[in-house]
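Biologist: I would be grateful for a close look at a single part of this structure, with attention to the aromatic side chains. Please take the reader through it in one connected account.

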Amino acid sequence: MEKKAIYEGKAKIMYTTDDPDVLLVYYKDDATAGNGAKKGTIENKGIMNNKMSAFFFDLLAKEGIKHHYISMPSDREMLVKKLEIVPLEVIIRNVAAGSLAKRLGLKEGTPMSCPVIEFCYKSDELGDPMVNRYHIRAMKLATDEEMETIESMSLKINDILTKFLKEKNVDLIDFKLEFGRDKNGDIILGDEISPDNCRFWDSTTHEKLDKDRFRRDLGNVEDAYKEMLHRLTGESFK
């Protein structure tokens, strides 16, 4: 397979493949927080995030959610469908935490009476500012029809994951999704689903099992990722 790097982000590198409609994603161990202000490494994070993302994509596919995941050729690599990414981060919040708690003056851990969806414009230069449906329409980031699809898919994904994770004694506090247009112009799920872009709390102890341990210098970051991988797949990562 011939591959050429076409994009490198904070946590992944994307390569072309022999198929123009397929990309190869390489998951790195690099970790950042605060829009890149804090940098570090979480040992084997790339391997664990790749495996967890593949697991979640397979889970969602069984419930009718279309996504970009094709296969996992190695522990750190994922083959995906090439997408025209909608430049929006879609954030679904079930419990007040992080920036939402600070912004609204809510105590962290306060349950929302219904899932809250927020949108951020994907721009490193601007710090990914929050936008609403009027901004999105005015900037022509997505059509109204596409936004209806994105919202309905996001809520369905939230429902599927929340119920599944509860069986693993994990609360899905909030998480970020990204979507894109496939070669047919259809909106499908992209990016990843992992402790990097989800807040996972143990349902009993409320222990954080995600990248917040890195953001807040709580320690045992790698162990938290290992614990999530084990709860999802049964694999004991060494």
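**Aromatic contacts around one helix**

Modeller: In this predicted model, R137 sits over the face of Y134, 5.4 Å from the ring centre. Contacts between aromatic rings lead to another part, helix α1.

Helix α1 covers residues 45-61, 17 residues in total. From its first C-alpha to its last it reaches 24 Å, close to the 24 Å expected at 1.5 Å a residue. Of these 17 residues, 14 are buried, so α1 is largely enclosed by the rest of the structure.

The structure holds 4 aromatic pairs. One of them joins F55 and F56: the ring centres are 6.0 Å apart and the planes meet at 75°, and the pair is therefore edge-to-face, since the angle is over 60 degrees. In accessibility, F55 has a relative value of 24% and so counts as partly exposed. F56, at 0%, counts as buried, the limit for that class being under 20%.

F55 also pairs with F164, in a tilted arrangement with 5.7 Å from centre to centre and 45° between the planes. Because F55 belongs to helix α1 and F164 to helix α4 (residues 144-167), this pair ties together parts that are 109 residues apart in sequence. The relative accessibility of F164 is 15%, so F164 counts as buried.

These contacts belong to a wider group: F55, F56 and F164, together with F200, form one aromatic cluster.

Terms used. Residues numbered from 1 in each chain as written. Predicted model: local features only at pLDDT ≥ 70, side-chain atom pairs only at ≥ 80, totals over all residues. Heavy atoms only, no water. Helix = DSSP H or I, 4+ residues; strand = E, 2+ residues; numbered from the N terminus. Expected span 1.5 Å × (residues − 1). Buried < 20%, exposed > 50% of the residue type's maximum accessible area, 1.4 Å probe, protein only. Phe/Tyr/Trp six-rings, centres within 6.5 Å; stacked < 30°, edge-to-face > 60°. Lys NZ or Arg CZ within 6 Å of the ring centre and 35° of its normal.
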